[in-house]
Amino acid sequence: MKIYRFLTADDTSAFCHKVSAALSHGWELYGNPTYAFDEANGVMRCGQAVTKEIEGDYRPDMKLGEQ
């Protein structure tokens with residue numbers, strides 16, 4: 001079973017660390033990163049989709065970051 005997450009954060013090193021942590025736990029990059037201006041907060045935001053193969057079935061209540 002393949003699961004999907006979309007990681008987001010302000011454009012700081014914290015975003016890179018979030019993606020790096022996911023990769024170190026077996027997640028794989030999916031597509032290109034995104035970069036957009038968050039007008040409501042006045043900051044640039046980054047996003048990156050990641051996927052991971054897991055055992056078992058998907059459940060809506062599963063904590064994706066803990067997989």
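# A guided tour of the β-α-β-β chain

The chain's secondary structure amounts to one helix and three strands. The model is predicted. Colour the elements from the N terminus on, and they follow the order β-α-β-β.

**Whole chain.** Begin with the C-alpha trace, which spans about 40 × 25 × 20 Å along its principal axes. Of the 67 residues, 25% count as buried. The chain exposes about 4,800 Å², and carbon and sulfur atoms supply 52% of that area. Among contacts between residues at least 6 apart in sequence, 58% join residues at least 24 apart.

**The core.** Next, select Ile 3, Leu 7, Ala 9, Phe 15, Val 19, Ala 22, Trp 27, Cys 46, Val 50, Ile 54 and Met 62; these eleven residues constitute the largest nonpolar core. At least two residues of this core come from each of S1, helix H1 (13-24) and strand S3 (43-53). In soluble globular proteins, nonpolar side chains tend to be buried together.

Within this selection, centre the view on Leu 7. Setting aside neighbours within four places in sequence, Leu 7 is in contact with Phe 15, Lys 18, Val 19 and Ala 22, and also with Cys 46, Gly 47, Gln 48 and Val 50.

**Thr 51.** Move along to Thr 51, located in strand S3. Is Thr 51 buried or exposed? Its relative accessible area is 7%, so Thr 51 is buried, the cut-off being under 20%. Display its surroundings: not counting residues up to four places away in sequence, Thr 51 touches Lys 2, Ile 3, Tyr 4, Gly 26, Trp 27, Glu 28 and Tyr 30.

**The aromatic pair.** Two residues in that list, Tyr 4 and Tyr 30, are the next selection. The structure holds one aromatic pair. Tyr 4 and Tyr 30 form this pair with edge-to-face geometry, at 6.2 Å centre to centre and with 85 degrees between the planes. Which parts of the chain does the pair tie together? Tyr 4 belongs to strand S1 and Tyr 30 to strand S2 (residues 28-38), so the pair links parts that are 26 residues apart in sequence. Tyr 4 has a relative accessibility of 45% and therefore counts as partly exposed.

**The surface patch.** Keep both tyrosines selected and add Phe 6. Tyr 4, Phe 6 and Tyr 30 form a nonpolar patch on the surface, and their accessible area together is about 360 Å².

**Phe 6.** Now isolate Phe 6, a residue of strand S1 (residues 2-10). Because its relative accessible area is 44%, Phe 6 ranks as partly exposed. Apart from neighbours within four places in sequence, Phe 6 is in contact with Thr 34, Gly 47, Gln 48 and Ala 49. For a distance check, draw a line from Phe 6 to Val 19: they are 13 residues apart in sequence, and their C-alpha atoms lie 9.9 Å apart. Val 19 also belongs to the largest nonpolar core.

**Thr 34.** The last stop is Thr 34, one of the contacts of Phe 6, situated in strand S2. With a relative accessible area of 41%, Thr 34 is partly exposed. Beyond residues within four places in sequence, the contacts of Thr 34 are Phe 6, Arg 45, Cys 46 and Gly 47. Cys 46 leads back to the largest nonpolar core. Finally, compare the position of Thr 34 with that of Lys 18: the two are 16 residues apart in sequence and 14 Å apart in space, C-alpha to C-alpha.

Terms used. Residues numbered from 1 in each chain as written. Predicted model: local features only at pLDDT ≥ 70, side-chain atom pairs only at ≥ 80, totals over all residues. Heavy atoms only, no water. Patch = residues over 30% accessible without salt bridge, like charges linked within 9 Å, V, L, I, M, F, W, Y side chains within 5 Å. Areas by Shrake-Rupley, 256 points an atom, 1.4 Å probe, with all protein chains shown as cover. Salt bridge = Lys/Arg side-chain N within 4 Å of Asp/Glu carboxyl O. Helix = DSSP H or I, 4+ residues; strand = E, 2+ residues; numbered from the N terminus. Buried < 20%, exposed > 50% of the residue type's maximum accessible area, 1.4 Å probe, protein only. Core = buried A, V, L, I, M, F, W, Y, C linked by side-chain atoms within 4.5 Å. Contact = heavy atoms within 4.5 Å. Phe/Tyr/Trp six-rings, centres within 6.5 Å; stacked < 30°, edge-to-face > 60°.
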